[in-house]
Amino acid sequence: MTTDANRPLEPLIADYLRGPEKVATLVSPLAEALLNFRPAPDRWSIHEILLHLVDFELVTAVRMRKILAEERPALPPFDQNAWASRLHYLDRQWRRSMQDLRRLREGNVEILGHLSEAEWSREGVHPERGPITLRQVIERAIEHLDQHARQMQENQRLFEQQARGVAQA
Ligand code: NI
């Protein structure tokens with residue numbers, strides 16, 4: 001993955017902390033019909049993406065702690081499709097997810113704010129990507145949220161396109 005080891009830590013942490021607000025701004029004004037809309041049977045709705053973001057953040061929180069507390073730990077894998085189908089995403093509350101996402105990042109930042117450069121460079125071993133530093137774990141979390149924010153916007157675009165199509169039919 002791309003990484004910029006020279007990127008100053010303060011803006012990196014600020015970016016990480018800002019993620020949940022980006023998602024909240026996107027999602028809060030949307031109607032339930034759009035939140036539950038799947039562009040295709042095998043694609044996630046915005047509701048499901050939100051739940052996925054929280055679970056990814058939980059995994060990030062655990063990976064971060066293991067990297068700091070253990071010597072080159074094996075990082076827990078994350079089977080996102082199994083989590084999405086077996087953890088009752090559709091029966092759960094997306095509003096709670098937004099709070100969970102924010103709290104998880106705030107809790108992680110409380111730790112990140114105290115770390116030395118050497119601690120940011122500590123490594124764990126990702127099941128697919130191999131060795132990965134704490135900095136890369138956090139950069140990946142930022143990137144991952146941004147990707148899914150774009151996916152949410154794409155869902156919205158497709159939903160509106162479909163609604164217009166129905167109106168014209
Ligand atoms: Ni994802």
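This tour moves through the structure one selection at a time and describes what is found at each stop. The model is a predicted one.

**The whole chain**

Begin by displaying the complete protein chain as a cartoon. Its secondary structure consists of seven helices and two strands, and their order along the sequence is α-α-α-α-α-α-β-β-α. Along the principal axes, the C-alpha atoms occupy a box of roughly 60 × 30 × 30 Å. The chain has 169 residues, of which 27% count as buried. If one takes the contacts in the chain with a separation of 6 or more, residues 24 or more positions apart account for 74% of them.

**Helix α7**

Next, select residues 134–168, which form helix α7. At 1.5 Å a residue, its 35 residues should span 51 Å, and the end C-alpha atoms are indeed 51 Å apart, so the two values agree. Now colour the buried residues of this helix; among them are Leu134, Val137, Ala141, Leu145, His148, Met152 and Phe159. Which elements cover these buried residues? The cover includes α1, α2 (32–35), α3, α5, α6 (117–120) and β2 (130–133).

While α7 is selected, find Arg150, which lies in this helix. Is Arg150 buried or exposed? It counts as exposed, because it has 11 C-beta neighbours inside 10 Å. Then draw a distance from Arg150 to Arg135: the two are 15 residues apart in sequence, and their C-alpha atoms are 23 Å apart in space.

**Helix α3 against α7**

Keep α7 visible and add residues 46–69, helix α3. The axes of these two helices come within 10 Å and cross at roughly 180 degrees. With such an angle, α3 and α7 are therefore roughly antiparallel to each other. To view the contact, show the side chains of α3 residues including Ile49, Leu53, Phe56 and Thr60, together with α7 residues including Val137, Ala141, Leu145 and His148. By class, this contact has 12 nonpolar, five polar and two charged residues.

**Helix α1 against α5**

Now select residues 9–27 (helix α1) and residues 94–112 (helix α5). Their axes are 9 Å apart and pack at an angle of about 170 degrees. Hence α1 and α5 are also roughly antiparallel to each other. Residues of α1 that take part include Tyr16, Pro20, Val23 and Val27, and they meet a group in α5 that includes Met98, Leu101 and Arg105. This contact has 11 nonpolar, one polar and two charged residues.

Pause at Met98, which lies in α5. Since it has 19 C-beta neighbours inside 10 Å, Met98 counts as partly exposed; a residue needs 20 or more to be buried. Leaving aside residues up to four places away in sequence, Met98 touches Pro20, Val23, Ala24, Val27 and Leu50. Draw the distance from Met98 to Pro20: they are 78 residues apart in sequence, yet 6.9 Å apart in space, C-alpha to C-alpha.

**The nonpolar core**

For the last stop, select Ile49, Leu50, Leu53 and Val137. These are the residues with the most contacts inside the largest nonpolar core, which has 23 residues. Helices α1, α3, α5 and α7 each supply at least two residues of this core. Which helix gives the most? It is α3, with nine residues.

Finally, centre the view on Leu53. Not counting residues up to four places away in sequence, Leu53 touches Val23, Leu101, Leu145 and His148.

Technical notes: Residues numbered from 1 in each chain as written. Predicted model: local features only at pLDDT ≥ 70, side-chain atom pairs only at ≥ 80, totals over all residues. Axes fitted to C-alpha atoms, helices over the stretch in contact; angles between N-to-C directions. Helix = DSSP H or I, 4+ residues; strand = E, 2+ residues; numbered from the N terminus. Parallel < 35°, antiparallel > 145°, perpendicular 65-115°, else oblique. Contact = placed C-beta atoms within 7 Å. Nonpolar A, V, L, I, M, F, W, Y, C, P; charged D, E, K, R; others polar. Buried ≥ 20, exposed ≤ 12 C-beta atoms within 10 Å, placed from the backbone. Expected span 1.5 Å × (residues − 1). Core = buried A, V, L, I, M, F, W, Y, C linked by C-beta atoms within 7 Å.
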